[in-house]
Amino acid sequence: MTPSPFSTIINDISRLPDYRVYGRVMGVQGLVIEIGGIQTSMSVGERCWIETRDQDRVPCEVVGFRESRALVLPFRNLDGIGLGCRVEVGEGRPALYPTREWLGRVINAMGEPLDSGPPLPVGPDPIPIRNTPPPAHQRRRVGGKLDLGVRAINTFATCCKGQRMGIFAGSGIGKSSLISMFIRNTDADVIVMGLVGERGREAREFIEDDLGAEGLARSVTVVSTSDESPLMRRQCAYTTLAVAEYFRDQGLDVLCLMDSVTRFAMAQREISLSAGEPPASKGYTPSVFAELPRLLERAGPGREGSGTITGLFTVLVEGDDHNEPISDAVRGILDGHIVLDRTIAERGRYPAVNVLRSVSRTMPGCNTPEQNALVQEARRLISTYEDMAELIRLGAYRKGSDPLVDTAIAHHPALEAFLSQKKTEGTDLETGYRMLAAALAPAHPQGHPPGPDGQPLGPDGYPHGPDAGSAHPGAEANPGANPFGQSFTLGGEPS
């Protein structure tokens, strides 16, 4: 139900303070502003507004105290702030007031609209921006499977409602493309997307091209670009979870996507270092590792009678080192991880999911025995092929030396085709298992297993059926040629 303008005005009036407290700017050092006269009226995390010399009001947040002065960081730049500027103490605990009318809107970290739409309606119930998760003993258990539409993940790293998973990848491997596939194909009721520290150029492209009109209509997108202050980038993550918590409390199943947790950690590091906290690991302060579980634990199942928040959080792996501090910390908090591999991406298979290194902690409990057997067999064949891949490429393996390796080689083209998926293509859970079973079938017409579209695959892993067309460059000139222009020998016979 849409709040009436009259009720919105009443809600705004009810939140007005009984009196106001003011202080003065006493010093500025770097990003930190020292405020005097209000130290007994504020606590860490509360807000204040600085009245600049050009009559603007800059929101700030208290990050600490030093020598009877409050240390605050601004949500915007420091232009116009000088000694003696008046400071007004704000609300005690910042909160959002969402409604269902926020669906389809794009907002910033402060809950203000960024699109060209009308002002956001104000709901009656506050959702604290830095909320606490439900107590562990009051939370429901993780629910049934959530269809994400990506068959590599639906089968090998199945995600359930209320589960929290990380997407670990270096730069340029396809995290954003994978997220866009989730948005288009998921069967969640509501999507809340948080773009933390995103490139300004890509924000609009993602909203218009990847979200699209259909995805935008059932989602709320929170955006904070990389040029904004560290407070805004950090709060973007908090606001994303606060909006998701509102819809969860409405009894809906929410898919919360955040790109990326690493930029949230970097923003927290900037804030902590500015406040004087000493660095610990790779420049990250202890408060960074304290804030990560507070943020990530907010996703998950709600109390009885409420919905769920399924959280998918991307982690930008620095230097492709999956054991760097943030990756290691996040992996220990979440309920599973999806690893995108640069080596797989470089050979042109997208999404570049490394199914052997990806883990869902709800498996195998969420699957039937038949599905578990199917996934286990596929993992065994993929692992066997990967172990022997170098020998196979060099032609050092002789066919017949190991029956398991022979089986892995025979099924490799079909499994690679199964794991490949176009960005605009969606595959539901049951279809994914049927396709995986077909890829593992022991015998196939025309000597090769079918691809995802049903066309038989040739030895090069490309379709060669009557309707396949030109499957790859050079297919017309030589339909049986290897797409890379090379011929490999297995035991004296062409592969």
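Student: Which strands and helices are included in what covers the buried residues of helix 7?

Tutor: In this predicted model, helix 7 spans residues 286-296, and its buried residues are Ser287, Val288, Glu291, Leu292, Leu295 and Leu296. What covers them includes three strands and three helices, namely strand 10 (164-169), strand 13 (253-259), strand 15 (308-316), helix 5 (230-249), helix 6 (261-274) and helix 8 (325-333).

Student: Why do the buried residues of helix 7 lie on the same side?

Tutor: An α-helix has 3.6 residues a turn, so positions three or four places apart point the same way. The buried set of helix 7 includes Ser287, Glu291 and Leu295, along with Val288, Leu292 and Leu296. These residues share one side of helix 7 because the arc they cover around the axis is only 145°.

Student: Which helix gives the most residues to the largest nonpolar core?

Tutor: The largest nonpolar core holds 60 residues, and those touching the most other members are Ile153, Phe156, Phe182, Leu257 and Leu436. The greatest contribution to this core, nine residues, comes from residues 369-394, that is, from helix 10.

Student: With which residues is phenylalanine 182 in contact, leaving aside its neighbours within four places in sequence?

Tutor: Phe182 is among the members of the largest core that touch the most others, and contact here means heavy atoms within 4.5 Å. Once its neighbours within four places in sequence are left aside, the contacts of phenylalanine 182 are Leu148, Val150, Ile153, Ile167, Leu257 and Leu312.

Student: What percentage of the residues of the protein count as buried?

Tutor: A residue counts as buried when its relative accessible area is under 20%. Applied to the 495 residues of the protein, this gives a buried share of 51%.

How values were computed
Residues numbered from 1 in each chain as written. Predicted model: local features only at pLDDT ≥ 70, side-chain atom pairs only at ≥ 80, totals over all residues. Heavy atoms only, no water. Buried < 20%, exposed > 50% of the residue type's maximum accessible area, 1.4 Å probe, protein only. Core = buried A, V, L, I, M, F, W, Y, C linked by side-chain atoms within 4.5 Å. Helix = DSSP H or I, 4+ residues; strand = E, 2+ residues; numbered from the N terminus. Arc of directions from axis to C-beta.
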